[in-house]
Structure formats: C-alpha cells, structure tokens
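Me: I would like to learn how to read the features of a protein model, one at a time. Could you take me through them slowly?

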Amino acid sequence: RWASCTPATGVIRLSHRLQKMPDYVVDDVLLHELAHLLVAGHGPRFRELERRHPHHERAAGFLEGVSWRQ
C-alpha cells in the first residue's frame, strides 16, 4: 500500500516507501488519494480524475515495476 485516505476526516497518509521515488510518482499517488475525497471506489468518474495527472501512466508503470520487484 502506497497511501491511504479517510474521506470522513480528509486524512491522507503516504507510505515512507515513497520518499525516494521520483516526484511525478509521489504526485500521482497523492492525486489518487485526493480523488478519493471526491469519489468513493475506483469507478469511471474516479479514473477520469486520476488520469488528469500528466504522467499517470508512467507513474503507474513505475509503481508496478517496484511492486513486481519486491
């Protein structure tokens, strides 16, 4: 888990594992969690918000590679 969001309180927690990752990856994870403040779940509206990050696909690929390696 890279991050979590509690919509009821607006609290977002980021994993310490993100500290050494590129800024575009951290930004994408943060955008993902911010989107949960507006939309519950991972449906079409959520994905639309998530794709607004200009490097979303690149960040997703980076995190997938890191996850696969572990």
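Reply: What follows goes through salt bridges, aromatic rings, buried residues and a surface patch in turn. Please keep in mind from the start that this is a predicted model.

Me: Let me begin with charges: how many salt bridges does a search of the whole structure find?

Reply: The search finds 3 salt bridges. To read one, look at the two partners, at the distance between their closest N and O atoms, and then at where each partner sits. In the case of R45 and E48, the closest N and O atoms are 3.1 Å apart.

Me: How far apart are R45 and E48 in helix α2?

Reply: R45 and E48 are 3 residues apart in helix α2, which spans residues 44-50, and so about one helical turn separates them. As for their surroundings, R45 is partly exposed with a relative accessible area of 42%, and E48 is likewise partly exposed, with a relative accessible area of 38%.

Me: Which residue forms a salt bridge with E50?

Reply: The partner of E50 is R47, and their closest N and O atoms are 2.6 Å apart. These two also lie 3 residues apart in helix α2, so that about one helical turn separates them. Their burial is worth reading separately for each partner: E50 is buried, with a relative accessible area of 5%, whereas R47 counts as partly exposed because its relative accessibility is 31%.

Me: Which residues are joined into one network by salt bridges that share partners?

Reply: For this, follow E48 to its salt bridge with R52, where the closest N and O atoms are 3.8 Å apart. R52 is exposed, with a relative accessible area of 57%. Salt bridges that share partners thus join R45, E48 and R52 into one network.

Me: Now the rings: how is a pair of aromatic rings described?

Reply: A pair of aromatic rings is described by the distance of the centres and the angle of the planes. This structure holds 1 aromatic pair. Y24 and F62 form that pair, which is edge-to-face, with 6.4 Å from centre to centre and 75 degrees between the planes.

Me: Why does the pair of Y24 and F62 tie together parts that are apart in sequence?

Reply: Y24 lies in helix α1 and F62 in helix α3 (residues 56-69), so the pair ties together parts that are 38 residues apart in sequence. At 15% relative accessibility Y24 counts as buried, while F62, at 30%, counts as partly exposed.

Me: Which residue lies over the face of Y24?

Reply: Here the thing to read is the distance of a charged side chain from the ring centre. R58 lies over the face of Y24, at 4.1 Å from the ring centre, and R17 lies over the face of W2, at 4.3 Å from the ring centre.

Me: How should I read the histidines, and is H53 buried or exposed?

Reply: A careful reading takes the place in the chain, then the burial, then the contacts. H53 is in the loop between α2 and α3, and it is buried, with a relative accessible area of 12%. Leaving aside neighbours within four places in sequence, H53 is in contact with Y24, D27, D28 and L31. The C-alpha atoms of H53 and V29 are separated by 9.9 Å, although the two residues are 24 residues apart along the chain. H32, for its part, has its place in helix α1 and counts as buried at 17% relative accessibility. Its contacts, again leaving aside neighbours within four places in sequence, are H42, F46, R47 and E50.

Me: Where is M21 found, and which residues does M21 touch?

Reply: M21 is found in the loop between β2 (11-14) and α1, and it is buried, with a relative accessible area of 11%. Not counting residues up to four places away in sequence, M21 touches W2, V26, F62, L63 and V66. By contrast with these contacts, M21 and A35 are 21 Å apart in space, C-alpha to C-alpha, and 14 residues apart in sequence.

Me: Finally, which residues form the nonpolar patch on the surface?

Reply: The patch is formed by L14, L30, L34, L37 and L38, which together have about 430 Å² of accessible area. Helix α1 (residues 23-38) contributes the largest share, 4 residues. One residue to look at is L30, whose place is in helix α1 and which counts as partly exposed at 31% relative accessibility.

Technical notes. Residues numbered from 1 in each chain as written. Predicted model: local features only at pLDDT ≥ 70, side-chain atom pairs only at ≥ 80, totals over all residues. Heavy atoms only, no water. Patch = residues over 30% accessible without salt bridge, like charges linked within 9 Å, V, L, I, M, F, W, Y side chains within 5 Å. Areas by Shrake-Rupley, 256 points an atom, 1.4 Å probe, with all protein chains shown as cover. Salt bridge = Lys/Arg side-chain N within 4 Å of Asp/Glu carboxyl O. Buried < 20%, exposed > 50% of the residue type's maximum accessible area, 1.4 Å probe, protein only. Contact = heavy atoms within 4.5 Å. Phe/Tyr/Trp six-rings, centres within 6.5 Å; stacked < 30°, edge-to-face > 60°. Lys NZ or Arg CZ within 6 Å of the ring centre and 35° of its normal.
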